[in-house]
Every structure is written in C-alpha cells, then in structure tokens.
Amino acid sequence: MTERAAYGTLARTRRQRYLTAFTTIVIKELNRFLRIWVQTILPPAITMSLYFVIFGNLIGPRIGPMAGFSYMEYIAPGIIMMAIITNAYSNVVSSFFGAKFQHHIEEILVAPVPHALILAGYVCGGVCRGVIVGALVTVVATFFTDLGIHSYAVTLAVVILTSTLFSLGGFINAMYARKFDDISIVPTFVLTPLTYLGGVFYSIELLGEPWRQLSLLNPILYMVNAFRFGILGVSDIALPEAFAVILGFIIVLSMFSLHLLNRGVGLRS
Amino acid sequence: MTTAAHANPADAAPALSIRDLRKTYRGGREALRGIDLDVAAGDFFALLGPNGAGKSTTIGIISSLVRKSAGQVRVFGIDIDEDFPRAKAHLGLVPQEINFSQFESVLEIVLNQAGYYGIPRRLAEERAERYLGQLGLWARRDEISRNLSGGMKRRLMIARALIHEPRLLILDEPTAGVDIEIRRSMWRFLTALNQAGTTIILTTHYLEEAEQLCRNIAIIDDGRIIENTSMRALLGKLHTEAFIFDCEDRIERLPAIEDAQVVPLDDHSFEIIIDRDRSLNEVFAELSAAGITIRSMRNRSNRLEELFMRLVEAND
C-alpha cells in the first residue's frame, strides 16, 4: 500500500502532512482565543493596569527605589511575566480540557497526527497567547514608566521559554482534569501563590533566612529574574542558572506530557 | 459522486480484518470476548447488536479511541500495532455522539479535519464544497455548528469523515434521531458512496436500514459475534414472509386466510404472514372471495428484526 493510495490522488511526504497538521492545530488555537479576545486578551491588560496603579503609583513611592530602580520600574518586568505565565497556562488548560469535555479532541485522535505534534500544536497556541498578552501588558506598562530593553535576546528567549513551560503545565493539568473545577485548582492554589512569592514585587535579597533559601526552590523566581535581567539588566539569580532551571523543567514536563498522551490518560479508555 | 482513487489492483487485502479481539475495561467488565471479523473491500457491512453488545468498543479500537486488551486489527492489510498512522489514513469515522466544537462554523470544522490529515488548504476547500454540497450543508457553511438541527449535525459529521476521502467509512448509528426524509436522503448518499468504491461499515438500531443498505452482516452480542453471513443468507433463514395489504374500503371483518396469520394494522390495512413457499395467487383468491378489494400491497421490510431478536434471545 503506497502513501499515494492512502490519500487518494494526493501524494505528499509525511513531513509535509505533519507540517499542515501542526499549523492547523496552531491556527485553530489562535482563532479560538482571538475570537473571544474580550475574555482572553483584555482582562489581563486591565488587571495588570490595576497592579501598576496600586503597587506602582500609590504604594511604590512610599517604598522607594529597589536595586537602583524606582519601584514601578522594578516590578514592571515581574508583572509582565505574571501575565505571560497565567495566560500561557490558562490557554492550554482550558482549550485542551474543553476539547476533551466536548469530545472534539477525537477529531485529532482519529487522524494520523503523532502525539508529539498534538503537544507541540497546543503548546505553540499557549506560547502565542503568552506573547500577545505579554506584549499588550508591556504597552500598558509604558503608560506608567519608561521601560528600556537591556537585552532583546534574553527578553525574547525568557518569554518564549516561560510560555512554553507553563503551556506544558496547562497541558498536563488538562490531561488529568475530569471536571471544570479541576482546571482551576492548580492556578488558584499553586500557580498564583508561587507567582506572588516569585520575586515579582520584591528582591529576595530583602528576605532573611530561611525565606531566601526557600524562595530559591520556587521555579518562577528564576523566570521573573531572568526576564528582569532582559529588561533592566539586574537579577537576583545568575542568568545561566535561570536558563538551566527553565530548560530543565521544559524537558521534564515535555517528556511527562508525551508519556501521558501515549498512555491516553483521560483520553482513551 | 466523486471519491478517492481507491482502486489498487495489487491490494487484495480485506478492508477490515479482526482476529481474536478482546477488551476488558478497568473494573473487569469484559466488553469483547474474542471477535473475528472480515469485511471485504467495497462491501456495505452491517454490524448489529443490542445496546452494550460491544459494537462501539469494536469501532473505538479500530479508530484508536479505545485501547484493545488483546487481538489483531488490520485495515487494508495494515496492522494497527505496526503502523497506526497509515491505517488511520484509510479510515473515516462518524461517531455515535456529536463530537465537534460547538463554537466553530461548519466550514471550519471540515477544513480543520482536512488539516489534521495533512491535506493542503486549497484541496481541502474544494473537497469541503463538494461534500458539504452533496450533503446539503454548503449554504450553511458559515453557520456556527451549535445552531444546526440534529439532522444537519449528523450530516456534518459525515462530511467531516469524508474530507480525507477514506477507503473505509465507519458509521456508528448515523441516523439516530433523524427524521425519515433526511434518513432516506442519507441512505441514497451512502449507497452512491459505496457504489463509487468506499467500503462502509454501519451500526444501527433501525434494522430496516441495515436490511435495505447492507450486503453482509455480523451480529454481536455480549462481546461475541453470534452471526456473520450475507444479508440474503440471513433473511433466507426466515420460513415465513409478511405482506401489508391496503384496502379500498374500511375493513369490517378480518378475512380468514387458510394457513396464514392475519394481523390488523388500522381501519384500511392488515398484515398477512404466510409460508415463504406459498403462492400469493391463493391469498388474492381468498381475499377476493371475502369481498375485499386490495388497493396496494407491500413487503414488510423489517424481517431482519425478527431474526435479530431470535438470535439475540437464543444467545441469552
């Protein structure tokens, strides 16, 4: 049996077909969150504006400078990163769980799409939303403070890698989720506390022991600080160490996600 | 009707070949207890059985939505354990439950499915127009799918399953809850599709549907195949035949026909069940003698139902 026979008169290499399948998943994901932009893109811009107003404008001047920057400047990268993390995660968890819940994930499962491609497509969708929301919140931040970019390469790399990591986290959450409550438990009880304690609003140099050492166990600290380095050129964490942690998590979560897909956890009986 | 270039003279493998297929769900429920089944290329095949017999589990395993516990499945000679992606490329599935996104348009659903199969956009658009057109949905292509009627949703799932022009189309109760007019138009569409070369496997609870459409049949009950033969051979097992007579006048008294069972249906019609060997001329003579004028007569087409019930009850 030839590949040609399998697709009627159409002869395409596997690589061409997989590329089409991958772009289809990504475009479908983009369309999904852009169609409902009032629910997906606008809220983080409004929420983050409030952070800038309250913590930057109202409380910030009383706190004074931090690491040589005004408090508003210091927290801006953390707030942008917080929006990226939350949106990358929630995009994948809600989209993949929704597809499971409505059973239209079966459209992809019955097609000859490799599991790695399904994962890559959904993660790429999450990264796109993270990047778009991050860019929007950055624009909002410029209304409150003058933001320069210290290193474009580091900034862009951290945004993409962090979005990837949290998209993977959302994917794993969606694989295990059986009801809608299950997709809000992790963001509420794990993601939000870790983000607030991840050096968004303060430098860990201000913390005493054991809180400083405990903070080092929080992976979000590494992302926020690497991003802050990209924007301001200051960080509590050495850059290679931060990238090693982010890449390490991406590798582990990717392998675990593929393992879940191969076993069909929550997808195949 | 246009379908894939299916003909491949070198390919003599059956469309579907199943050997000793078993499935035990978590919790110990044995859904399939060792099924053997062959469906020839080009066949229109009925897979029947009562609820919970194992039909959907079998279809789920073939289409990768259910993991098998043991056994072998080959699609056009391709073992799903060896190259499932290539086997999947030959398969189109119309599931029992509606399983498309309720927030996407008709066209988006079909084009996305084409994308998953690696079909380039321009070709996908041509095929979408063709299949949505044939199924009466092209005018509704921009409609959000949740606004479609039940019958349209079923037809959309058929169009979606055909977008990659599969050689084997599996339909799991495609006409459930659909009115008779749409059901008959779907029958015509499926018949034409089969005549153009697509192998079709159909599960249905409308036994009349299976009797009219399918050439071969397997009956599954309690996870086992209890009958696997041609429709003609199966119906040949019936020793009696039923005819429905519509009368010109209101029936005041049912006629008594020798060696036949007469069952009233309404004021103007009744059913006569006679031995298959018996001449109908004798029946007409007796009806004439009874002063009954027949306006029309038809064969009762749900004979399969009798056999089905007989086989399933015998298996209990």
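Okay, one term before anything else: I call a residue buried if 20 or more other C-beta atoms lie within 10 Å of its own C-beta, and exposed if the count is 12 or fewer. Keep that in mind, and keep in mind too that this is a predicted model.

So, let's use that cut-off straight away. Take strand β12 of chain B, residues 261–266. How many of its 6 residues are buried? The number is 0, so β12(B) lies largely in the open. What does β12(B) pair with? Its partner is strand β13 of chain B, residues 269–275; the two run antiparallel and 5 bridges join them. If you want one pair to click on, B:Q261 in β12(B) has B:I273 in β13(B) as its bridge partner. And the link between β12(B) and β13(B) is a hairpin of 2 residues.

There's another hairpin in chain B worth a look. Strand β9, residues 216–221, runs antiparallel to strand β10, residues 224–230, and 6 bridges hold that pairing. B:D221 stands opposite B:R224 in β10(B). Between the strands of this hairpin sit 2 residues, and B:D222 takes a positive phi near 55°.

Now over to chain A. Here you'll see 12 helices and 0 strands, so to speak, alpha from one end to the other: the element order from the N terminus is just α repeated. The C-alpha atoms fill a box of roughly 70 × 35 × 35 Å along the principal axes. How does the radius of gyration fit with that chain length? For 269 residues a compact globule would come in near 18 Å, and chain A has 20 Å, which agrees. As for burial, 45% of the 269 residues of chain A count as buried. And if you take contacts in chain A between residues at least 6 apart in sequence, 81% of them join residues at least 24 apart.

Next, where the chains meet. Chain A puts 29 residues into the contact and chain B puts in 36. On the chain A side, α1 (3–6), α2 (14–35) and α6 (106–109) each supply at least two residues. Which of the elements gives the largest share? That's α2(A), with 7 residues. By class, the chain A side has 13 nonpolar, 10 polar and 6 charged residues.

Let's zoom in on α2(A). A pair of packed helices is described by the angle between the axes and the distance between them. For α2(A) against helix α3 of chain B, residues 106–116, the angle is about 145° and the axes are 7 Å apart. The residues that meet are A:T20, A:A21, A:T24 and A:K28 from α2(A), and B:N112, B:G115 and B:Y116 from α3(B). By class, that's 2 nonpolar, 4 polar and 1 charged.

Last stop, the nonpolar cores. The largest one has 144 residues, and A:I79, B:V110, B:A159 and B:I170 touch the most other members. Helix α5 of chain A, residues 71–101, gives the largest share of this core, 19 residues. What does B:I170 touch, leaving out residues up to four places away in sequence? The list is B:I59, B:I62, B:S63, B:L91, B:L93, B:V94 and B:I201. Then there's a second, separate core of 6 residues, and among them are B:F270, B:I272, B:V283 and B:L287.

That's my tour, thanks.

Methods:
Residues numbered from 1 in each chain as written. Chains lettered and ligands numbered in written order. Predicted model: local features only at pLDDT ≥ 70, side-chain atom pairs only at ≥ 80, totals over all residues. Helix = DSSP H or I, 4+ residues; strand = E, 2+ residues; numbered from the N terminus. Pairing = 2+ DSSP bridges. Contact = placed C-beta atoms within 7 Å. Nonpolar A, V, L, I, M, F, W, Y, C, P; charged D, E, K, R; others polar. Rg over C-alpha atoms; globule rule 2.2 N^0.38 Å. Axes fitted to C-alpha atoms, helices over the stretch in contact; angles between N-to-C directions. Core = buried A, V, L, I, M, F, W, Y, C linked by C-beta atoms within 7 Å.
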